[in-house]
Amino acid sequence: MTSLRQLLAAHSPALLLDASSARIQVGILAPDGPNRWAESAEEAGVGLFRCVQELGHSPTSVSAYIFCEGPGSILGVRTVAMAIRSWGVVSPKPVFAYGSLALLAHALGRLSASVIADARRDSWHRYRIGDGLRRVTSDGLTGELVMPAEFRHWSPLPAGVTTVPYSVPALLSQASDAPLFHPTDAPDAFLHEEPSYVTWTPRIHRAPSES
């Protein structure tokens, strides 16, 4: 794991793409700045590329890609991952991933706070500094709870939860020395575990037997 400051010292400029929330945020980052940002509230398949176009910087001319692997919008994260894989075919670059809840937790810097996001089916993603990312039931949420305001939720919010803005530029400036970023050769959305599938065995249809 490496920090943003270390990452940019070795790979600059870098293109950062975060579509984990309802607000897509894209930036061109360099160690000596100034960083440039673009935002969009459109769906990821449109807003992501409009942000890149607004920045006026070819995605294949940067030195590295940085993206948020979630938790958050699976569609948004996978749209970003697809774009990075496509650009990488034309011009391979190092790719680094970070977690949305980890970024917010380290920016807040409160060891007692649990940063959460809806994982559906009455369960929640929970990140706590020192404990990492886990999936817990609603009954397992205790203590100080914080949630990114721009993240969608389907389950009722837990009692006492506080929502805070998920502004990537501001959060990165507050957590620039936190070890949040890891390299990846296969950009994709974060999963707590790989999905399992049941093998379907084909059978010839037979008419019901007569009694």
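## Asp118 and its surroundings

Where does Asp118 sit? Its place is in strand E6, which covers residues 113–120. Keep in mind that this is a predicted model.

Asp118 is a buried acid without a salt bridge. Its nearest side chain of opposite charge belongs to Arg120, and that one is 6.1 Å away. With a salt bridge requiring a Lys or Arg side-chain nitrogen within 4 Å of a carboxyl oxygen, the 6.1 Å to Arg120 doesn't make the cut.

What does the side chain of Asp118 reach at 2.5 Å? That would be the backbone nitrogen of Trp154. There's also the backbone nitrogen of Ser155, which lies 2.8 Å from a polar atom of the Asp118 side chain. Both Trp154 and Ser155 turn up again in the contact list of Asp118, which leaves aside neighbours within four places in sequence. The rest of that list is Ser123, Trp124, His125, Arg152 and His153.

## The cysteines

How many disulfides are there? The count comes to zero. Take Cys51: the closest cysteine sulfur is in Cys68, and at 15 Å the two are too far apart for a bond. The cut-off for a disulfide is 2.5 Å between sulfurs. Seen from the other side, Cys68 is in no disulfide either, with the sulfur of Cys51 as its nearest cysteine sulfur.

Are these cysteines buried or exposed? Cys51 counts as buried, at 1% relative accessibility. Cys68 is buried too, with a relative accessible area of 1%.

## Helix H4

Now for a helix. H4 runs over residues 100–108 and is mostly covered, with seven of its nine residues buried. Which ones are they? The buried set starts with Ser100, Leu101 and Ala102, carries on through Leu103, Leu104 and Ala105, and finishes with Ala107.

Just past the end of H4 comes Gly109, and here the backbone takes a positive phi of about 70°.

## Ala159 in its loop

Last stop: a loop residue. Ala159 lies between strand E9 (144–148) and strand E10 (162–164), in the loop that joins them. Is Ala159 buried or exposed? It's exposed, because its relative accessible area is 76%, and anything over 50% counts as exposed.

Ala159 can also be placed relative to Leu145, which is 14 residues away along the chain. The C-alpha atoms of the two residues are separated by 8.8 Å.

Notes:
Residues numbered from 1 in each chain as written. Predicted model: local features only at pLDDT ≥ 70, side-chain atom pairs only at ≥ 80, totals over all residues. Heavy atoms only, no water. Helix = DSSP H or I, 4+ residues; strand = E, 2+ residues; numbered from the N terminus. Buried < 20%, exposed > 50% of the residue type's maximum accessible area, 1.4 Å probe, protein only. Lys, Arg positive; Asp, Glu negative; His and termini not counted. Polar contact = N/O pair within 3.5 Å; in protein donor to acceptor, adjacent residues only side chain to side chain. Contact = heavy atoms within 4.5 Å.
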